[in-house]
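User: I'd like to learn how to read helix packing and chain contacts in a model. Could you walk me through it?

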Amino acid sequence: MSSLRAALIIAGNDLRRRFRDRSVVIQGVIAPIALAVLIGLAFGGEPAFEARIAVVDLDRSPVSEAITRDLLDGVGDEVPISFVSEPDAASARDRLDDERVGAAIVVPSGFSASLGSDRPLGLEVLVDPSRTIDGDIAGAVAAGVAARLDAGRLAVATTLETAAVTAPDQIDRIVRDAAAVTIPVEVREEPPGGEWSPIAYFAPSMAMLFLFFTVGAGARSLLTERREGTLTRVRASPLRPGAILAGKAIGVVVLGMVSLLTVWAVTTVVFGANWGDPSGVLAVIVGVVLAIAGISTFVTGLATTDAQADALTSVVAFTLALLGGNFISPGALPDLLATASLATPNGWALRALTDLEAGAASAAEVVPVAVGLAVVGLLTGGVGMVSSARRLAA
Amino acid sequence: MFVATERITTLPRVGDPVLRCTGLVKRYGERTVVDGISFEIGPGETYGLLGPNGAGKTTTISIIAGLTAAEAGEVTVAGEKVDPAGTSAKRAIGLVPQDLALYPDLTARENLAFFGRLQGLDRRVLARRIDEVLEVIGLADRADERIDRYSGGMKRRCNIGAGLLHEPRLLILDEPTVGVDPQSRNAILESIVTLGGQGMSVLYTTHYMEEAERLCHRVGIIDEGHLIAEGTRRELVERLGERTRVRVEGSGDLAVLATHAEALPDVAEATVQHGAVELLVSDGGRVLVPVVELADRLGVEVTSVEVTEPDLEAVFLHLTGKALRD
């Protein structure tokens, strides 16, 4: 009998036992989908974040009134940013201290008059250091306003220079017209290329987390079989040791593929989620299954008992899931975690799947990620298998 | 408990040995657990490997089955050298491990099918062999039940069945009756006798001396990694000078009977103990008639005669200084 046939027999037996044990269906399919739906509902399909910014007009000029009026009119219901008026800087600071606003934009006294000078005054932005996102938004809005005013100043200067206007009433009219020109400050929330769907993000995200356990159980089956005694009989059969390990590896990879493909199919058909270009998604799924199977095999190779392997797998799975951003919506990761996520295979896979979902990456563009994941899987899995083989021989 | 009434005598050696172990050595760290063990098993022979816990039996079996590499020595089965990385010799070996080696969540038929496929049996042969083996182990009517629903005895029988599927030349049974009820145990022993009768060579380890006496043509006694004695039961008993004990109860002058009996051929010693004459004889069968006739002549009315053959337990104790189940 060839080693491949022997490996397939062992893989088939493992898969039959795993699927007969309903825990694999719960772990590999039902739990990730249920968690993805729950997290999706928690987010309600809408971002949970809202920036609230105070606007203070100390200048009380037509220009400053126009600026504050524009801002207080809002930037649209679909954008989670709102502005409130405050009479002075002190009350804006009080609001910041009370955490009723996350930042404040102050139009300083003499602002309008300074626009005609060589050294115009700037808009002031007050920020709460603990709410950096609000501060960043307020800064961006202030920059947008300043850009608009710069455009107006440039237009007036150009007109005066080229039209040789000298009459005071003409100059006054030009300045008023320039001030009336509105360059809309538009803030839109739009992921590159399309809509962000919580279910399409969290389903693969949770599936990857649970993959550590479903696939890990397969990788640990060598230790489990040793404890249960069946490994002795398998080893006494006329097989090469490599065939046993290959059989286990094939079973693990097939199990992982079935799990992720089922989650993909169910979320697409039942929940209408769009994971993106199917060939790209398939490539990433193959890559991430190989990576997680390899890591699980590596972890199993470190353990001496299946209970020990269980504990190690849990630690590795949750650490990688936390670092990789499996529990947090994209873009909400703090900078440090966003960087750390790129050091995890599940983080790469999630980034690739998010890009595919948003249409920001083509199938060809995620192939290097899939290949990288596969390489991680083959390397870690190879080390794990060598370690397990040594243990078998001992 | 089994009585030693069905002892098998020495099997005439026909053909090359099925198993040949030569100078096996295995160490774990500083400890040598198998130290120069050599023995052979002929075709159709059942060989018992006896020894207390930790004597090296299971390690020896692991080396023979190709599960563990020996540091020195060689094992051949059916002429093929056994090697943990090799496959050819393993085809001739059927292993029945001491611990159950079955998947509890599969049925008996599914277990047998899986292990049969690993032996390389093709689909048609496998289907036939599964049915045959299920008949041999008496589980044909419960073949489609999961193993975890079986009694301990049924699991043990199925465990043996999995080792028989590919009709191995050598069947290795490592304490196959541990924890089995008497009825299942008897069924297991019967099936082993049957297999031996069909020409399969059997290597059998046990803690139960009566099983070894009932099943084995020859016995090897192993202690602290050494094979300290080997032979048929009679050879071992004779080598140690153990004698048959005959106890004669009756009414009359027992002391006179003892004195005269001591003069009979084959009687080594005669004493009166606890209201009976105790004789140590070299052959219990030959001495019975003369003793009863002597008692009749001396006016002693014999009420009962009990013959106790010397057993392996005594031999084992003599050789190792410990009981088999120590």
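User: Why is helix H2 of chain B largely enclosed by the rest of the structure?

Analyst: Keep in mind that this is a predicted model. For enclosure, count buried residues: 10 of the 11 residues of H2(B), which spans 108-118, are buried, so the helix is largely enclosed. Among the buried ones are B:Leu112, B:Phe114 and B:Phe115, and also B:Glu110 and B:Arg117.

User: Which helices do the buried residues of H2(B) pack against?

Analyst: Partners come from both chains: H1 (3-20) and H9 (230-236) of chain A, plus H3 (123-136) and H4 (152-164) of chain B. After H2(B) comes B:Gly120, with a positive phi near 85°.

User: How many residues of chain A are in contact with chain B?

Analyst: 20 residues of chain A touch 25 of chain B. On chain A's side, H1 and H9 are the elements giving two or more residues, and H9(A) gives the most, with six. That side splits into nine nonpolar, five polar and six charged residues.

User: What about two packed helices, say H8(A) and H11(A): at what angle do they cross?

Analyst: In general, you describe such a pair by the angle and the distance between the axes. Here, H8(A) (198-228) and H11(A) (278-302) have axes that come within 8 Å and cross at roughly 45°. That angle makes H8(A) oblique to H11(A), and the crossing is right-handed. The contact includes A:Leu211, A:Phe212 and A:Val215 of H8(A), and A:Val289, A:Ile292 and A:Ala293 of H11(A). By type, the contact residues are 11 nonpolar, four polar and one charged.

Technical notes
Residues are numbered from 1 along each chain as its sequence is written. Chains are lettered from A and ligands numbered from 1 in the order in which they are written. This is a predicted model: local features need pLDDT of at least 70, side-chain atom pairs count only at pLDDT 80 or more; totals for chains, interfaces and linings use all residues. Axes are lines fitted to C-alpha atoms, for helices over the stretch in contact, and angles run from 0 to 180 degrees between N-to-C directions. Helices (H or I, at least four residues) and strands (E, at least two) are DSSP runs, numbered from the N terminus. Angles under 35 degrees count as roughly parallel, over 145 as roughly antiparallel, 65 to 115 as roughly perpendicular and the rest as oblique. A crossing is left-handed if the near helix is turned anticlockwise from the far one by less than a right angle, and right-handed if clockwise. Two residues are in contact if their C-beta atoms, placed from the backbone, lie within 7 Å. Ala, Val, Leu, Ile, Met, Phe, Trp, Tyr, Cys and Pro count as nonpolar, Asp, Glu, Lys and Arg as charged, and the others, Gly among them, as polar. A residue is buried if 20 or more other C-beta atoms lie within 10 Å of its own, exposed if 12 or fewer, and partly exposed in between; C-beta atoms are placed from the backbone.
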